[in-house]
Amino acid sequence: MKTLFDPVRLGRVTVKNRICRSATEDGMCRDGRATPELYAVYERLAAGGAGLVCSGMREVSPTGLYVPSAAVAWHEDLAEELRPTAEAMHENGAVFVVQLVHSGFKARAVSNPLYAPSDYSGVPGVEAREMTREQIRAVTADFAAAARRVRDSGADGVQLHNAHGYLLSEFFSPCSNRRRDEYGGSTENRARFALEVYEAVREAVGDDFIIGIKTNCSDMIEPTISFDECAWLVQTLRERGLDYVELSGGLIPGAEWHGSLDYPPGEGEPPFYASAAELARRVDIPVYSVAGWRDPELMERCLNESGITGISMAMPFIREPDLPNRWLSGDRSPAKCITCHACGRGSGYAVMCQPKPANADSMGRVECVFNRGKAVE
Ligand SMILES: Cc1cc2nc3c(=O)[nH]c(=O)nc-3n(C[C@H](O)[C@H](O)[C@H](O)COP(=O)(O)O)c2cc1C
């Protein structure tokens, strides 16, 4: 009988329970570096009881900067910046991984032309150009250098962001990749960039450092990757030493997209769970399922009827950083998050649980996809 609070193994590390805080770009950096507010967020998460805490995404290269308040990983003093957070995690028995990303054609703090697998101009103001091989090699090296700095901080691992329409997933998706060279076309070719990044990062950090990947089971837009392609990528990476996978979905070129779905919260199984269960059947690797998990009873039922290893949540931790401890102490009522999606939108840079903006629709979405970080009238 599996419970949320069983210890699990990721690579050579034991994680104290099956609950993961999924990467959340918290919008609390200045010049790419953590502010006191951001350190406080991670201190609360460290003490809140999650076994695995993933940082918000950190940009590996100035060519991929998402928004001005985004966290970066290219500065030489990254290890010093992350060390207090890594220590706070370890003092509380949590395992800490840092998510690494290049935002590709979602990089809104970068002047055109943006980096992309193929030319793209589908969103007003966005002009993206097909990356050259030299640019691909440079970004690959940036991922490796960033991972080495993360390792030097005392953190336990990195997670590669290959989901939600950021650069690596833009290459994997046939929707955004129309290249005719060895980085486009077949599954192997579209996965080549992610595989090369993985190899470079593994070489940089060694075998005893966790490397995970957040990846899509479907792009939820046509044409999409198939589930078989997702499983092939995970199997191939596992054979090369990947330690865990977090399964998500969704890719909307250029748009504001956090991999959250228009699902009615609390009703039925979460949207990507069936794919996570199937992935755990096919590939012998710890699988975390993300998006829409709110109810601990449902989590434990799904953990027991499938081979998945863990449950990831993002928005519930914005409202309740101590959610695992609440459940551990016996209050097993579902997360208080109502999935209104207002946390990431509408009122300044800082991500926090807040009332829905007045002009938001029922899902908390506001009209302009590029208004993140600006006040909503
Ligand atoms: C404000 C906000 C910021 C997010 N930032 C990231 C991020 O940096 N990296 C990432 O992979 N996903 C990010 N996500 C997506 C979440 O990790 C998660 O996949 C999604 O919210 C669905 O899970 P949930 O229903 O538990 O929130 C973000 C989501 C929100 C709401």
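Here are two short exercises, with worked solutions, on the predicted model shown above.

**Exercise 1. Describe how helix α5 and helix α6 pack, and find which residues meet.**

*Solution.*

Step 1: Find the helices. Helix α5 covers residues 187-205, and helix α6 covers residues 227-239.

Step 2: Look at the geometry. Two packed helices are described by the angle and the distance between their axes. Here the axes come within 11 Å and cross at roughly 35°. The crossing of α5 and α6 is right-handed.

Step 3: List the partners, counting heavy atoms within 4.5 Å as contact. On the α5 side you will find Thr 187, Glu 188, Arg 190, Ala 191, Leu 195 and Tyr 198. They meet Glu 229, Trp 232, Leu 233, Thr 236 and Leu 237 of α6.

Step 4: Sort them by class. The contact of α5 with α6 has six nonpolar, two polar and three charged residues.

**Exercise 2. Work out which residues surround the ligand, and how much of the ligand the protein buries.**

*Solution.*

Step 1: Start with the shell. There are 22 residues around the ligand, and Ala 23, Glu 25, Gln 99, Lys 214 and Gly 292 come nearest. By class, the shell divides into 10 nonpolar, nine polar and three charged residues.

Step 2: Check polar atom pairs, using a cut-off of 3.5 Å between N or O atoms.
- The side chain of Gln 99 has an N or O atom 2.7 Å from a ligand nitrogen.
- A polar backbone atom of Ala 314 is 2.9 Å from a ligand oxygen.
- In the side chain of Ser 22, an N or O atom is 3.1 Å from a ligand oxygen.

Step 3: Consider the surface. Taken alone, the ligand exposes 610 Å², and the protein buries 99% of that.

Note on methods:
Residues are numbered from 1 along each chain as its sequence is written. This is a predicted model: local features need pLDDT of at least 70, side-chain atom pairs count only at pLDDT 80 or more; totals for chains, interfaces and linings use all residues. Side-chain values use heavy atoms; hydrogens and water are left out. Axes are lines fitted to C-alpha atoms, for helices over the stretch in contact, and angles run from 0 to 180 degrees between N-to-C directions. Helices (H or I, at least four residues) and strands (E, at least two) are DSSP runs, numbered from the N terminus. A crossing is left-handed if the near helix is turned anticlockwise from the far one by less than a right angle, and right-handed if clockwise. Ala, Val, Leu, Ile, Met, Phe, Trp, Tyr, Cys and Pro count as nonpolar, Asp, Glu, Lys and Arg as charged, and the others, Gly among them, as polar. A residue is near a molecule or strand if one of its heavy atoms lies within 4 Å of it. A polar contact is a pair of N or O atoms within 3.5 Å; within protein, one must be able to donate a hydrogen and the other to accept it, and residues adjacent in sequence count only if both atoms are side-chain atoms. Accessible areas come from the Shrake-Rupley method with a 1.4 Å probe; for residues, only the protein chains shown count as cover.
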